[in-house]
Amino acid sequence: LSSVMLVPLVGRRGVIGVVTLIYAESGRHYAHADVAFVEDVARRAALALETADRFREQSGRLAEVTRVADAAQRAILAPPPSRMRSLRLAARYVSAAAEARVGGDLYEVVERPDAVRLLIGDVRGKGLAAVRTATIVLGEFRAAAADLGDIGEVAEHIDRRIRHHLGEEDFVTALIAEIDDDGRYSIVCCGHPPALIVTEGRVAELELDHALPLGLGTTPTVSEGKLSPGDRILLYTDGVIESRHPDGRFIDLMHVTESMARGDLNPGLDAVLAALRREIGSEPADDIALLAAEYRPKSGGR
């Protein structure tokens, strides 16, 4: 050995390592000017190492919180039965891409003596707080949908009950539908994307009156119509319509959902998600919930 330099890696929390430089066979020697240069490099390296370590630690914590939120969300979104009264039902829930945080997408189905009531909604915000709000909305819907006679009253009841659970800027978009055994339906839309109707092999957007989201004092207007055997209604959250092509263009909702006009209900929903992934070229950047109902009275054949 002809010359050796040992310089500590000094970070915010003290010495975390040592930089060792050695001259040997060359016979060269380090000068005093080299010490200042290496000390500066070592200081920068120490800060970079500490930053990387903190980032890795925080990323692990965030990933754990996201996994817990995702598991909690899946636990509260039980798949609906395949058939309830005059309806065939199917639902899908897709978690956001790994870099996005879990949101508060929700859906539920409640049976009544002569009808079925459906809910789909989206809590503003992300993480466990959004999942907690979603559980409250679901609980209030189950109770109100079973007891109250009008779905407008159901929406107003949920609106009142959840207000004290929300922050100043929080709200819940929702769409509530009721489908009777004879095919008549009624829908209220509280700041949520409108439902799609599939009839005679075509997918179309239902014309609905839009009211304020839940939690903001909503007073929705009920829209009504009638389904024929085989007609379908598709409820979805905004993760679908806010998805974009790689070049930034929004996806074409009707193109993505055209599979709902043919085939069975469950494969149709899978095809919707597959088409969405093809359009955006990746996994969705936001959570997505889909809830589909096909009017199939027992006297109607299949």
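**Figure 1. A nonpolar patch of about 540 Å² on the surface is made by L1, V4, L6, V18 and I22.** This view, like those that follow, shows a predicted model. Two strands, strand 1 (3–11) and strand 2 (14–23), each supply at least two residues of the nonpolar patch. L1 lies in the segment before strand 1, and with a relative accessible area of 82% L1 is exposed. For the chain as a whole, the accessible surface comes to about 15,200 Å², and 52% of that surface belongs to carbon and sulfur atoms.

**Figure 2. A salt bridge joins the side chains of E50 and R12, with 3.6 Å from N to O.** The pair links distant parts of the chain, since E50 sits in helix 1 (residues 32–76) while R12 sits in the loop between strand 1 and strand 2, 38 residues apart. The two partners can be told apart by their accessibility: E50, at 2% relative accessibility, counts as buried, whereas R12, at 54%, counts as exposed. Side chains of opposite charge can pair when their charged atoms come close. Across the structure, the count of salt bridges comes to 19.

**Figure 3. Within helix 1, R44 and D40 lie 4 residues apart, about one turn of the helix.** These two residues form a salt bridge in which the closest N and O atoms are 3.0 Å apart. R44 is exposed, with a relative accessible area of 54%, while D40, at 25%, counts as partly exposed. The view can be widened to take in R43, because D40, R43 and R44 are linked in a network of salt bridges.

**Figure 4. E111 and R85 form a salt bridge, their closest N and O atoms being 3.6 Å apart.** E111 belongs to strand 5 (residues 104–112) and R85 to the loop between strand 3 (83–84) and strand 4 (87–94), so the salt bridge ties together parts of the chain that are 26 residues apart in sequence. Both residues are partly exposed, E111 with a relative accessible area of 45% and R85 with one of 29%.

**Figure 5. A174, in strand 7 (residues 172–180), is surrounded by contacts from other parts of the sequence.** Not counting residues up to four places away in sequence, A174 touches L119, I120, G121, V188, C189, C190, H192 and L214. The C-alpha atoms of A174 and C190 are separated by 5.1 Å, although the two residues are 16 residues apart along the chain. A174 counts as buried because its relative accessibility is 1%. D180 also has its place in strand 7 and, at 16% relative accessibility, counts as buried; leaving aside neighbours within four places in sequence, D180 is in contact with S86, D114, A115 and Y295.

**Figure 6. C189 and C190 are two buried cysteines, each with a relative accessible area of 1%.** Why is there no bond between the sulfur of C189 and the closest cysteine sulfur? The closest one, in C190, is 6.8 Å away, which is too far for a bond, because a disulfide requires sulfur atoms within 2.5 Å. A search of the whole structure finds 0 disulfides.

**Figure 7. Strand 9 (residues 196–199) and strand 10 (residues 202–205) run antiparallel and are joined by 4 bridges.** Among the paired residues, V198 has V203 in strand 10 as its bridge partner. The two strands form a hairpin with 2 residues between them, and E200 in the turn has a positive phi of about 55 degrees.

Note on methods:
Residues numbered from 1 in each chain as written. Predicted model: local features only at pLDDT ≥ 70, side-chain atom pairs only at ≥ 80, totals over all residues. Heavy atoms only, no water. Areas by Shrake-Rupley, 256 points an atom, 1.4 Å probe, with all protein chains shown as cover. Buried < 20%, exposed > 50% of the residue type's maximum accessible area, 1.4 Å probe, protein only. Contact = heavy atoms within 4.5 Å. Pairing = 2+ DSSP bridges. Patch = residues over 30% accessible without salt bridge, like charges linked within 9 Å, V, L, I, M, F, W, Y side chains within 5 Å. Salt bridge = Lys/Arg side-chain N within 4 Å of Asp/Glu carboxyl O.
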